[in-house]
Amino acid sequence: MAVVAGGQDSSAVRMRALWVSGALAATLFVGTMGYLWPLRPGAIALQFAWHPQTFGAIVHLWPPEGLERYRSHLPIDFVTLLAYGSFGWLLAVHTRVFALLGRGGQLFARLCLPLAAGFDAAENAFHWWLTEMPRFGTPQTYLYTTACSTMKWVLLIGFGLLVLWSLARARD
């Protein structure tokens, strides 16, 4: 049995880190949803606005305080993505949830949420820059932003489905 500073079993520390990161990610996600709820169209629409005029139209439908609300959530969203990226890694590496997967599936499970967090961080950086002032002269930036959003959501949903599939398969 491995013991870490303070005399705690290292597996207990890892499990505590797993639970804390998961609870933090869920709490921040729900809190962010509530915080951004008044925005119409919603923040998800902005994530998939691949064209500069579409992006601009969404932002201009928001009152000035709505745009400020959106921009003010971005630093907290970085904490959220760190939490869910950590949670995904810890779940895949330190539990047996994905034990029935082959090596490739286990590697995908390990990397899925950290990669989603990376795409989320890039999306946030793009959105921070694009919402600072109109930037219609850089149409490729909107495509990159939407690609990051799409990859983030594909990986998040894929991880969720992989967890459900793994748990259902384990019960058989």
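Helix axes are lines fitted to C-alpha atoms over the stretch in contact, and the angle between two of them runs from 0 to 180 degrees between N-to-C directions. In the predicted model described here, helix 4 and helix 5 pack at an angle of about 170° under this convention, with 7 Å between their axes. Angles over 145 degrees count as roughly antiparallel, and helix 4 and helix 5 are therefore roughly antiparallel to each other. The contact of helix 4 with helix 5 comprises 19 nonpolar, 4 polar and 4 charged residues.

A second packed pair is formed by helix 1 (residues 10–36) and helix 4 (residues 64–94), whose axes are 8 Å apart and meet at an angle of about 150°. Helix 1 and helix 4 are therefore also assigned to the roughly antiparallel class. The crossing of helix 1 with helix 4 is left-handed. By residue class, 17 nonpolar, 8 polar and 2 charged residues take part in this contact.

These pairs belong to a protein with 6 helices and 0 strands. The order of elements along the sequence is α-α-α-α-α-α. The C-alpha trace spans about 60 × 35 × 25 Å along its principal axes. Of the 172 residues in the protein, 35% are buried.

Empty space was examined next. Rolling a probe the size of a water molecule over the atoms shows where such space is left. The largest pocket has a volume of about 760 Å³. Its lining consists of 30 residues, of which F29, M33, T80, W153 and L156 are the closest to the pocket centre. Two or more lining residues are given by each of helix 1, helix 2 (43–47), helix 4, helix 5 (103–130) and helix 6 (139–171). Helix 1 supplies the largest share of this lining, namely 7 residues. In terms of class, the lining of the largest pocket divides into 17 nonpolar, 8 polar and 5 charged residues. Helix 1 and helix 4 thus appear both in the packed pair with axes 8 Å apart and among the elements that line the largest pocket.

The second largest pocket has a volume of about 150 Å³. Its lining is made up of 14 residues, with V59, H60, L130, M133 and P134 lying nearest the centre. Helix 3 (residues 52–61) gives the most to the lining of the second largest pocket, contributing 4 residues. This lining contains 9 nonpolar, 3 polar and 2 charged residues.

The loop between helix 1 and helix 2 shows further local features. P41 is located in this loop, and the peptide bond from R40 to P41 is cis, with omega near -5°. As a point of reference, most peptide bonds are trans. G42 also lies in the loop between helix 1 and helix 2. Residues between 20% and 50% relative accessible area count as partly exposed; G42 falls in this class because its relative accessibility is 24%. The C-alpha atoms of G42 and V59 are 10.0 Å apart in space, with a separation of 17 residues in sequence. V59 is one of the residues nearest the centre of the second largest pocket.

How values were computed: Residues numbered from 1 in each chain as written. Predicted model: local features only at pLDDT ≥ 70, side-chain atom pairs only at ≥ 80, totals over all residues. Heavy atoms only, no water. Parallel < 35°, antiparallel > 145°, perpendicular 65-115°, else oblique. Left-handed = near helix turned anticlockwise from the far one by under 90°. Nonpolar A, V, L, I, M, F, W, Y, C, P; charged D, E, K, R; others polar. 1 Å grid on protein atoms, 1.4 Å probe; cavity = no way out; pocket = protein on both sides within 12 Å on 5 of 7 lines; lining within 4 Å. Points joined across faces, edges and corners; volume = space filled by probe spheres on them. Buried < 20%, exposed > 50% of the residue type's maximum accessible area, 1.4 Å probe, protein only.
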